[in-house]
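Me: Please give me a close look at the salt bridges in this model, pair by pair, with the setting of each partner. If space permits, please add an account of one strand and the strands it pairs with.

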Amino acid sequence: MWITEKSRRLNIMAWIVITVIALLILRLAWMQLLHGPQYKKFAEENHIHQITAQAPRGIMYDHNGALLVTNRPSFAISIIPAKYSKDWNTTLLLANIIDVQPDEIERLLKVGAEYPYTPIRVKRDVDAVLQAKIREREDELPGVIIEAMPIREYVYKELAAHVFGYLGSINEEEYVKRKEQGYKPTDFIGKDGLEQEWEEVLRGIDGGLQIEVNAAGEEIQIIGDKKAIAGKGLMLTIDINLQKAAQDALMEQIEEGQKRGEPTKGGSVVVLDVRTGAVRAMVSYPSFDPNQFASGISNFHWNELINNPYHPLTNKSIQNVYPPGSVFKIVTAAAALDMNYVTKDEIFDDKGVYILDGWKFFGWQTKGLGKLNIVDAIAWSSDPVFYELGRRMGVDSLASYALTFGLGKKSGIGLQGEEEGTVPTENWKKVTYDEQWYAGETVIAAIGQGYYLVTPLQQAMLLMAVANKGTVYRPMLVEKVLTADGAVAETYQPEILHTIYLRGETWDLLKQGLVAVTTKGTGLGVFQGMTPIVAGKSGSAETGTGTVHSWFACYAPAENPEIAVAVLVEEGGEGSVAAAPVVRKIVEAYFALKKK
């Protein structure tokens, strides 16, 4: 009995030992086979620490090689999470010194916890005084370092800011998408403009020090120093001198308009090379200084920008849409001529009012403009003539030509937020508003009012189409990608976006009408005596609130076109009064710069 009991206990103990050994073997196998690489990585990271050094972003140049966006040396107050005490009193002390909320420091520490040896920049672009304050208290701030790093510098501040864009802290969604590319949760990333669109090209490859440490975490030696590799640069199509001339001309006109009592608040300029689609200038006013974002924008300045009623962060050239006004009469005339609803010899009688089904539609000249052919109607911007052409064609035929000219479509310029605008049809109104289309809406549409909406870029492209007799190039902002040492890595060629096929006579009549605008019509007062001759069209687009947007779009020279220009002065009044003078200054600046 005793032997049996002893044997039973030994058997139980044996099974327990066997079970424990089996579990240990299974655990070891699980660790080695399934998680071996992970534990190996942890071991290596505990043995070798890498302190990241940020790579400078690629530099941007203008069409002539002028420096536009670069990097300058700066210093940041950073935290190495693995060495930081994480004591709340330490955080309070640091927050006090650098004037950052302690909760914000805690948030950054939490975000950067995944990378214990990657510096978390809690205060960027600090001056010598703040650096000295940190050094004085370094014994009380373990893990807090002063880090040398490049910081983005926009040489011309607000000039072309909407083209360049700006940088900002990477958000959670962006980090998830880019984590595999080496991004860290505390990185800065392109947030708008070219900085965003060309992020992969502009971003360099970070370097840093590899430091061997012992089991206690003490540094033994530096075993590697990986140099940061700067990002590739961009040569843009922008001519910064023309950009400045365009912005100055627009700002001056806005100030003059305000003195006249106009409620003008901003505007846009687009200048395109009609031979390639290259954007030589793109102005959106009011603007902002992207340097504010380079070191981390304060809540105060961010709120100032987003609460500004004039929306300085919006690129009005592509992200806002407006009624095209009488510039749209180019499309109406093209459609009517091409479909034989009018000939060059037909004579209209503009009496200042047009009557349709008992409704009166007035022209801008209520006394009437008298006898006009189609070229005269363009030159003097006769509303009654274009009312009649709209009635003859119908809204859907008009819309088909508007689409052919590229309205209602994004250009693909390569900037975020581009609007496509609106090209209305009978079915569009039914789907959008569940309402039928009325004949009166067609005649209004024919003069660029009603539901039609366009961007300033689309207006410039419309004039490019006429200048080239149908060839429309995709607007381009980048000519070349450059290596860090300035060598050409890639060159981009002009791309034909679409071709508009009209009869040669139709193009000729459109061109004659646009030349007549500046030589005898509504634009004569502004463009009289100007060399070279400009071919263009003014527009005064009603906003529906009692004010008028001012448009002028043109190409020049009329005989051998080089550039197309579109100017919008928001709520600036008549196109020939507000926008046309801006166009003249820009065209003169372009040819003056060309001579130099």
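Reply: What follows takes the salt bridges in turn and then moves to the chosen strand.

The model is predicted, so local features are reported only at pLDDT of at least 70 and side-chain atom pairs only at pLDDT 80 or more, whereas totals for chains, interfaces and linings use all residues. Residues are numbered from 1 along each chain as its sequence is written, and side-chain values use heavy atoms, with hydrogens and water left out.

A search of the whole structure yields 34 salt bridges, each a side-chain nitrogen of Lys or Arg within 4 Å of a carboxyl oxygen of Asp or Glu. Among them is the pair of R280 and D273, whose closest N and O atoms are 3.4 Å apart. R280 counts as buried because its relative accessible area is 11%; the term means under 20%, while exposed means over 50% and partly exposed lies in between (1.4 Å probe, protein chains only). D273 is likewise buried, because its relative accessibility is 5%.

A second pair sets K371 against D349, their side chains meeting with an N to O distance of 3.6 Å. This pair links distant parts of the chain, since K371 belongs to strand β16 (residues 370-372) and D349 to strand β13 (residues 348-350), 22 residues apart. Strands (E, at least two residues) and helices (H or I, at least four) are DSSP runs, numbered from the N terminus. K371 counts as exposed because its relative accessibility is 59%. D349, by contrast, is partly exposed, with a relative accessible area of 38%.

In a third pair, the side chains of E441 and K429 meet at 2.8 Å, N to O. Here too distant parts of the chain are linked: E441 lies in helix α19 (residues 439-445) and K429 in helix α18 (residues 426-433), twelve residues apart. K429 is buried because its relative accessible area is 1%.

Salt bridges also occur as a network, which links R57, R152, E195 and E199.

The account now turns to strand β22. This strand covers residues 548-556 and is mostly covered, with eight of its nine residues buried. β22 runs antiparallel to strand β21 (residues 535-542), to which eight bridges join it; two strands count as paired if DSSP finds at least two bridges between them. One bridge of this pairing can be located by residue: S538 has F552 in β22 as its partner. The two strands form a hairpin with five residues between them, and G544, in the turn, has a positive phi of about 90°.

Strand β22 also pairs with strand β23 (residues 563-569), again antiparallel, through seven bridges. In this pairing the partner of S550 is V569 in β23. The connection from β22 to β23 is a hairpin as well, made through six residues. Strand β22 is thus joined by bridges to β21 and to β23.
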